[in-house]
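Biologist: I'd like to practise reading helices and backbone oddities off a model. Could you walk me through one?

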Amino acid sequence: MVEVVKYSAKYKPAWDAFVAGSKNGTFLLLRDYMEYHADRFADHSLLFYHKGKLVALLPANVAGRQVQSHGGLSYGGLITDKRMKATLMLEVVQVLKSYFQELGFRSVLYKVIPHIYHQLPAEEDLYALFRHEAILYRRDLNSAIAIGGAAGYSKDRRWRLSQGKRARLKIGQSEKYAAFFELERKLLQEKYNTVPAHTADEMELLASRFPKNIRLYTATDRGELLAGVLVYETPTVVHSQYIATSERGRDLHALDVLLDWLLTEVYPHKSYFSFGISTEQQGQFLNEGLVRNKESYGARTIVHDFYELRLGE
């Protein structure tokens with residue numbers, strides 16, 4: 001039988017150790033990342049034990065009579081290690097379902113961990129969700145480059161890169177989060193009438209906690225910030241959490257030079273470079289201009305799925 005335990009602070013060492021040794025967990029699922037905005041979410045994460053051994057984790061929060069896995073994270077499905085097999089996962093999902101049913105919740109909104117983040121095959125949860133008649137209610141389109149793959153840059157992108165290299169910009173890692181986030185804020189406000197999900201202070205805090213995973217890279221000219229990419233690095237993926245460029249940076253093709261440097265010099269050993277999603281409205285609207293821009297670098301589609309596991313009225 002599988003036993004379920006609600007997370008509390010005393011389980012932090014066991015939680016973090018399990019994530020570190022898992023086949024599909026990343027640093028976003030460590031407690032020091034999850035809890036930087038703990039005041040915004042009512043945590044109800046779970047630990048699952050089988051024969052006295054920890055076999056799975058569910059990062060989760062509650063909102064009314066609904067469970068989210070996890071509302072403050074890009075992804076947050078069941079975290080497992082190499083011992084997880086299909087039959088055991090069926091038991092885990094059954095126990096998960098029964099646990100939340102008994103507490104009176106109506107549904108679980110389940111964010112799948114995209115397969116590009118898996119270090120070993122880890123889709124036992126998808127089969128178990130299917131068996132429990134979970135409903136696919138949202139599908140985001142994410143664009144990712146298979147580093148070293150065959151797609152390559154478009155003709156126009158190659159021309160822009162050649163032009164950008166003539167400017168001899170200074171490229172490297174930076175700690176100037178405030179300047180970068182001001183550039184990002186202006187860009188998002190002008191193009192999308194929105195703001196970054198993080199503040200500069202929050203990102204500096206997270207980068208101080210995870211210096212090997214969160215890095216800011218910039219392109220400058222005589223001290224002027226022209227472009228920047230803030231990346232989240234995991235074992236298999238480099239994800240561009242934020243990308244920004246100034247008007248002059250666009251004229252000098254600074255972002256092309258910076259991204260090419262990241263792909264060829266900094267992260268050629270990774271499997272994927274992720275640009276993030278180009279969808280809105282629960283996946284129903286595709287920003288075609290945005291996705292074309294990402295595809296011009298050689299990126300192709302990875303989907304990020306969201307399921308609803310209904311628990312009853």
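Modeller: Let's take one helix, then its packing, then a few unusual backbone spots. Keep in mind that this is a predicted model.

Biologist: How far apart are the end C-alpha atoms of α3, and what should the helix span?

Modeller: The idea is to compare a rise of 1.5 Å a residue with the actual ends. Helix α3 covers residues 86-102, which makes 17 residues, so it should span 24 Å. Its end C-alpha atoms are 25 Å apart, and that agrees.

Biologist: Which residues of α3 are buried?

Modeller: Start from the general pattern. An α-helix has 3.6 residues a turn, so residues three or four places apart point the same way. In α3 the buried residues are Leu88, Met89, Val92, Val93, Val95, Leu96, Lys97, Tyr99 and Phe100. Notice that a lysine, Lys97, is on that list.

Biologist: What follows α3?

Modeller: Look at glycine 104, which comes after the helix and has a positive phi, near 90°.

Biologist: Now the packing. At what angle do the axes of α3 and α4 cross?

Modeller: Check distance and angle together. These two axes come within 9 Å and cross at roughly 55°. The helices are therefore oblique to each other. As for the hand, α3 passes α4 in a right-handed crossing.

Biologist: Which residues of α3 and α4 meet there?

Modeller: From α3 you have Ala86, Met89, Leu90 and Val93. On the α4 side they meet Glu124, Asp125, Tyr127, Ala128 and Arg131. Sorted by class, that contact has six nonpolar residues, three charged ones and no polar ones. Met89 and Val93 are worth a second look, since both are buried residues of α3 and both take part in the contact with α4.

Biologist: On to the backbone. Where is there a cis peptide bond?

Modeller: Omega is the angle to read here. The bond joining serine 69 and histidine 70 is cis, with omega about 0°. Histidine 70 sits in the loop between β6 (66-69) and β7 (79-80).

Biologist: And positive phi away from glycine: is glutamate 133 buried or exposed?

Modeller: Read phi first, then place and accessibility. Glutamate 133 isn't a glycine, yet its phi is positive, about 60°. You'll find glutamate 133 in the loop between α4 (124-131) and β9 (135-146). Its relative accessible area is 66%, so this residue counts as exposed.

Biologist: What about arginine 168, buried or exposed?

Modeller: Arginine 168 also has a positive phi, about 55°, without being a glycine. Its loop runs between α5 (155-165) and β10 (170-174). With a relative accessible area of 75%, arginine 168 is exposed.

Methods
Residues are numbered from 1 along each chain as its sequence is written. This is a predicted model: local features need pLDDT of at least 70, side-chain atom pairs count only at pLDDT 80 or more; totals for chains, interfaces and linings use all residues. Side-chain values use heavy atoms; hydrogens and water are left out. Helices (H or I, at least four residues) and strands (E, at least two) are DSSP runs, numbered from the N terminus. The expected span of a helix is 1.5 Å times one less than its number of residues. Buried means under 20% relative accessible area, exposed over 50%, partly exposed in between (1.4 Å probe, protein chains only). Axes are lines fitted to C-alpha atoms, for helices over the stretch in contact, and angles run from 0 to 180 degrees between N-to-C directions. Angles under 35 degrees count as roughly parallel, over 145 as roughly antiparallel, 65 to 115 as roughly perpendicular and the rest as oblique. A crossing is left-handed if the near helix is turned anticlockwise from the far one by less than a right angle, and right-handed if clockwise. Contact means heavy atoms within 4.5 Å. Ala, Val, Leu, Ile, Met, Phe, Trp, Tyr, Cys and Pro count as nonpolar, Asp, Glu, Lys and Arg as charged, and the others, Gly among them, as polar.
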